[in-house]
Amino acid sequence: ATHPATMPKSKRNKVISLTRTDKKGLEVKEALVGQIHDALDTYAYVYTFTVDNMRNAKLKEVRTAWRHSRFFFGKNKVMQRAFGLGSDDEYRSNTHLISEHLRGSVGVLFTNRTPEQVSSWFQSYAEQDYARSGNPATETVTIAQGPLEDFSHAMEPQLRKLGLPTRLRRGVVTLERDYTICTEGQTLTPEQARLLKLFAKPMAVFQINLKTRFSEGELEVLE
């Protein structure tokens, strides 16, 4: 079990009465601060990163592949507290520089792998996935008129409900005319996203973009 590192005493002594929920939340935050301090003591490199087309399942796969390292994602304010916001409250020399890059949807990776190993792995890692509603279409997808033999007759009402001009002909789902599911650049509706999945047309790429690398008191911006 990790023990939260002792934080420097506050210059202002505040009396705060905490409810049980507050206490629980505070314990979770203190535990996270402790885990980050432990990671700073254990790993030589700290990276900040962003994610294109975030998918929890895909991030879990990356965590599994990088079991030898440590990932933190979300809770920027607590992470900033752990790294420090300035030279007076930072945990180690210049760790407050990492805090400056914890804005928006970012994660932190702690590792002892060399910079070459890290950059080559993450540059080559990209996973295709289905686009979600609200994503832009990356290409125009048109389905040709005729029988849709990949679909059972039971699917026909669902396809029609999603906007396809279909009917059953001798028990076979048939598209009455060519149908464009989406055009490139268009913002996808929930119906279009569902159709792209049904027709096995992935349009999203889950990818991790390394933004900064911190080591031995120095921070380097990577892109």
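Buried, in this talk, means under 20% relative accessible area, with exposed over 50% and partly exposed in between, using a 1.4 Å probe and protein chains only. At 18% relative accessibility, Arg213 therefore counts as buried.

The model is predicted, so local features need pLDDT of at least 70 and side-chain atom pairs count only at pLDDT 80 or more, while totals for chains, interfaces and linings use all residues. Residues are numbered from 1 along each chain as its sequence is written, and side-chain values use heavy atoms, leaving out hydrogens and water.

Let me turn to the surroundings of Arg213. This residue is found in strand β10, residues 204-215; strands are DSSP runs of E of at least two residues, helices runs of H or I of at least four, numbered from the N terminus. Leaving aside neighbours within four places in sequence, Arg213 is in contact (heavy atoms within 4.5 Å) with residues including Tyr45, Tyr47, Pro115, Glu218 and Leu222.

Arg213 also helps to line the second largest pocket, as do Tyr47 and Leu222. A pocket here is an open set of points on a 1 Å grid over the protein atoms alone, where a 1.4 Å probe fits, with protein on both sides within 12 Å along at least five of seven lines; lining residues have an atom within 4 Å of a point. Strand β10 gives the largest share of this lining, five residues.

Finally, confidence. The protein averages a pLDDT, the predictor's confidence in each residue from 0 to 100, of 88, and 91% of the residues score at least 70. Over residues 6-16, however, the pLDDT is below 50.
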